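Here are a few worked exercises to go through with the model open in your viewer. Try each task before reading the solution.

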Amino acid sequence: MASTAVVSSDWSASSATARLLPFRRVQAQTCRLLHRQSVSFHCRSLKCSASTAAGNSAKVIDGKACAKEIRGEIAAEISRMKEAIGVVPGLAVVLVGSRKDSQTYVRNKQKACEGVGITSLEVHLPEDSSEEEVIEHISRFNGDPSVHGILVQLPLPRHMNEERILNAVSIEKDVDGFHPLNIGRLAMQGREPLFVPCTPKGCMELLHRLGVEITGKRAVVIGRSNIVGLPVSLLLQRQNATISIVHSYTQNPEEISRQADIIISAAGVANLVRGSWIKPGAVVIDVGINPVDDPESPKGYKLVGDVCYEEASQFASAITPVPGGVGPMTIAMLLSNTLLSAKRIHNFT
């Protein structure tokens, strides 16, 4: 595959970007812009081919570098807030069970909080806890004025009603953005959600900072999950894009995707989107993060996206890598939402 270039984009924010990241911008500077669950597509995972007809080389959208810049902005704003009114944002995480991946995610979030100055609290409950015990801890955080955001780490144990537990989180502290009222407001014209779900918000922020024109463009979202596909399609619609959603019952998904100026894939299927799915010059945001066997890796596997990167890079104008694309932005948006909550609660501008 030909070597890929790096995208540089001006940090100056449009009004839409300012709404997505409602903390004060630092002085404009150049930013180097260079996963997760969804519907199950009925197809086999294929190996990618590096040789394609187009022969172009996509620019790489570096979510890691962009997230680092955003965390710096958040840290500066938290410092200003602490100095002005003596308030430090607080994020509480509720973890149930002992899944290794969930424990890793929680540690990463705690580390990110520490890096920007957000107070991190955690309740770790055993696997056999009751729903009432979990909701009791959520209720305590709801009433704790030092807690501005509450995150329930998913998945929950199978005996628990996920909807009931998530609905127990106060909408004013729903920094994950999954409360039905937040999603409902996102779907309605003339209404504003208190929080936008973190991964979709991160996808949109990458597009804005890259300077991608969204208004009037054709966008295809692959996958329709409540976590990514549905909310990101609503966000694109709010930016006046023409939206198509591809899912497991879609006929001719390749033909539909090939019409898109913007593709956001969150299907959870390794290498689903091939080079032939990509319109030359399209921008591709790959949310998928899928383990595939790799005997050369010490772990025995490697992580790949939904998009066959080697093939898509020959057609797209810009593309996110996996890992290092959307993933770091998700945590950055969680920090952003927590700061937003603290500012709203304390009426700090």
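**Exercise 1.** Work out whether Cys198 is buried or exposed, then do the same for Cys66.

*Solution.* This is a predicted model, so each value here is computed from predicted coordinates. Start with the cut-off: buried means under 20% relative accessible area. Cys198 comes out at 4%, so Cys198 counts as buried. Next, Cys66 has a relative accessible area of 0%, so Cys66 is buried too.

**Exercise 2.** Find how many disulfides the model has.

*Solution.* Recall what you're looking for: a covalent bond between the sulfur atoms of two cysteines. The test asks for a pair of cysteine sulfur atoms within 2.5 Å. Apply it, and the count is 0 disulfides.

**Exercise 3.** Lay out the sheet that contains S5, and say which strands stand at the edges.

*Solution.* First get the order: the 3 strands run S6-S5-S7 in an open sheet, with parallel pairing. S6 (119-125) and S7 (149-152) each have a single partner strand, so these two are the edges, with one side of each lacking a neighbour in the sheet. On average, neighbouring strands are turned by 15° against each other, ignoring direction. Now zoom in on S5 (residues 90-96), which is joined to S7 by 4 bridges; one pairs Ala92 with Ile150 of S7. Finally, add helix H4 (residues 131-142), which lies across S5, S6 and S7 and runs at about 165° to S6.

**Exercise 4.** Which element gives the largest share of the lining of the largest cavity?

*Solution.* The cavity has a volume of about 90 Å³. Its lining includes Ile150, Leu151, Val152, Phe178 and His179. Sort the lining by element and S7 gives the largest share, with 3 residues.

Key
Residues are numbered from 1 along each chain as its sequence is written. This is a predicted model: local features need pLDDT of at least 70, side-chain atom pairs count only at pLDDT 80 or more; totals for chains, interfaces and linings use all residues. Side-chain values use heavy atoms; hydrogens and water are left out. Two strands pair if DSSP finds at least two bridges between them. Axes are lines fitted to C-alpha atoms, for helices over the stretch in contact, and angles run from 0 to 180 degrees between N-to-C directions. Contact means heavy atoms within 4.5 Å. Buried means under 20% relative accessible area, exposed over 50%, partly exposed in between (1.4 Å probe, protein chains only). On a 1 Å grid over the protein atoms alone, a cavity is a set of points where a 1.4 Å probe fits but cannot get out, and a pocket is an open set with protein on both sides within 12 Å along at least five of seven lines; lining residues have an atom within 4 Å of a point. Grid points are joined across faces, edges and corners, and a volume is the space filled by probe spheres set on the points.
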